[in-house]
Amino acid sequence: MTAQYVAVGVDGTLTAVRALDWAAQEAVRRHAVLRVVHAVRDQDEAGPVLASAAARIRAHHPGLQVETASRVGGAAEALVRESDGAALTVVGNRGLGGFTGLLFGSVSLRLAAHIHSPLLVVRGDHRCDDGREVLLGLASDADADAAAYAFQEAERRGTRLRVLHSWSRRHVTPEVPSPVPATSPGQREPGQRGAMEEAVPRFALSELREQHPQVGVEAHTVTAGPAHALLEATREAGVVVIGVHRHADRPGPHVGPVVHTLLHRSHCPVVLVPTG
């Protein structure tokens with residue numbers, strides 16, 4: 001199997017064609033091979049779909065090396081296998097079946113839980129190379145892998161990186177104010193928490209800024225629900241990057257409400273980066 005490649009799942013639908021075009025652009029940026037994969041019940045079914053996909057890529061990117069492969073079995077299982085060693089795995093976001101139906105129900109959860117490399121889900125109607133900024137959803141310094149991917153993506157695209165760190169204030173029962181301003185625990189806690197959260201992007205990204213000095217970075221910390229804040233920011237982004245976390249007591253990453261919201265409602269493509 002090729003060491004450096006971008007894998008894309010196709011099934012002959014228009015949504016899959018768009019995913020194919022995105023994957024080709026990503027392969028060109030990485031100087032990587034493009035692997036076009038079709039999951040089928042019978043090997044004989046794959047020929048026309050794969051031949052059409054390969055012909056399209058060779059017409060638009062004549063210098064790009066293309067490999068095709070058919071896999072008997074489920075789409076999620078096929079992509080998980082292909083992702084082992086891939087620089088990136090790409091799928092569409094909707095369809096009647098096959099790869100483009102991945103993001104609905106249990107199949108999407110299995111894919112997110114077991115993917116071995118970054119997964120790009122093509123959403124929205126932006127072009128892959130339209131110069132829009134890369135958006136990073138940063139929860140904490142545990143998102144180091146996602147942050148590294150976002151810096152690399154901004155560098156590959158020659159665009160700015162916008163970092164959005166969001167946190168919500170906890171509701172606390174009002175207490176009797178202290179006669180000395182901001183000295184009671186209830187008065188100190190919000191200020192201390194706010195200062196700590198404001199510092200998250202600065203400390204989490206300091207080393208990456210040094211490694212990628214040519215990438216312009218704009219970081220914001222907002223006191224709002226992360227799903228809503230990121231969703232709004234995707235309106236102007238070229239791609240949004242977010243980490244999915246693996247836990248020792250679970251077989252794969254926990255796919256929380258932020259990931260669910262972005263996969264179903266994002267205005268731009270979404271990259272999920274396994275971490276932990």
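A residue counts as buried under 20% relative accessible area, as exposed over 50%, and as partly exposed in between (1.4 Å probe, protein chains only). The model is predicted, so local features need pLDDT of at least 70 and side-chain atom pairs pLDDT 80 or more, while totals for chains, interfaces and linings use all residues. Residues are numbered from 1 along each chain as its sequence is written, and side-chain values use heavy atoms, without hydrogens and water.

**Exercise 1.** State where glycine 92 is placed, and whether glycine 92 is buried or exposed.

Solution. Step one: glycine 92 is in strand S4 (residues 88-92); strands (E, at least two residues) and helices (H or I, at least four) are DSSP runs, numbered from the N terminus. Step two: glycine 92 has 0% relative accessibility and therefore counts as buried. Step three: proline 269 is 177 residues away in sequence, yet the C-alpha to C-alpha separation from glycine 92 is 9.3 Å.

**Exercise 2.** Find which residues of helix H3 are buried, and which residue pairs with glutamate 82 in a salt bridge.

Solution. Step one: H3 spans residues 75-83, and 7 of its 9 residues are buried. Step two: these are Ala75, Ala76, Ala78, Leu79, Val80, Glu82 and Ser83. Step three: glutamate 82 forms a salt bridge with arginine 35, with 3.0 Å between the closest N and O atoms; the rule asks for a side-chain nitrogen of Lys or Arg within 4 Å of a carboxyl oxygen of Asp or Glu. Glutamate 82 is in H3 and arginine 35 in strand S2 (residues 33-40), so the bridge ties parts 47 residues apart in sequence. Both partners are buried. Step four: arginine 35 also lies over the face of tyrosine 5, 5.4 Å from the ring centre. For that contact, NZ of Lys or CZ of Arg must be within 6 Å of the ring centre and within 35 degrees of the ring normal.

**Exercise 3.** Describe the salt bridge between arginine 157 and glutamate 26, and the network around this pair.

Solution. Step one: the closest N and O atoms of arginine 157 and glutamate 26 are 3.6 Å apart. Step two: arginine 157 is in helix H5 (residues 144-157) and glutamate 26 in helix H1, 131 residues apart. Step three: arginine 157 is buried at 13% relative accessible area, and glutamate 26 is buried at 0%. Step four: bridges with shared partners join Glu26, Arg29, Arg30, Glu153, Arg156 and Arg157 into one network. Arginine 156 also has its charged end over the ring of tyrosine 149, 5.5 Å from the centre.
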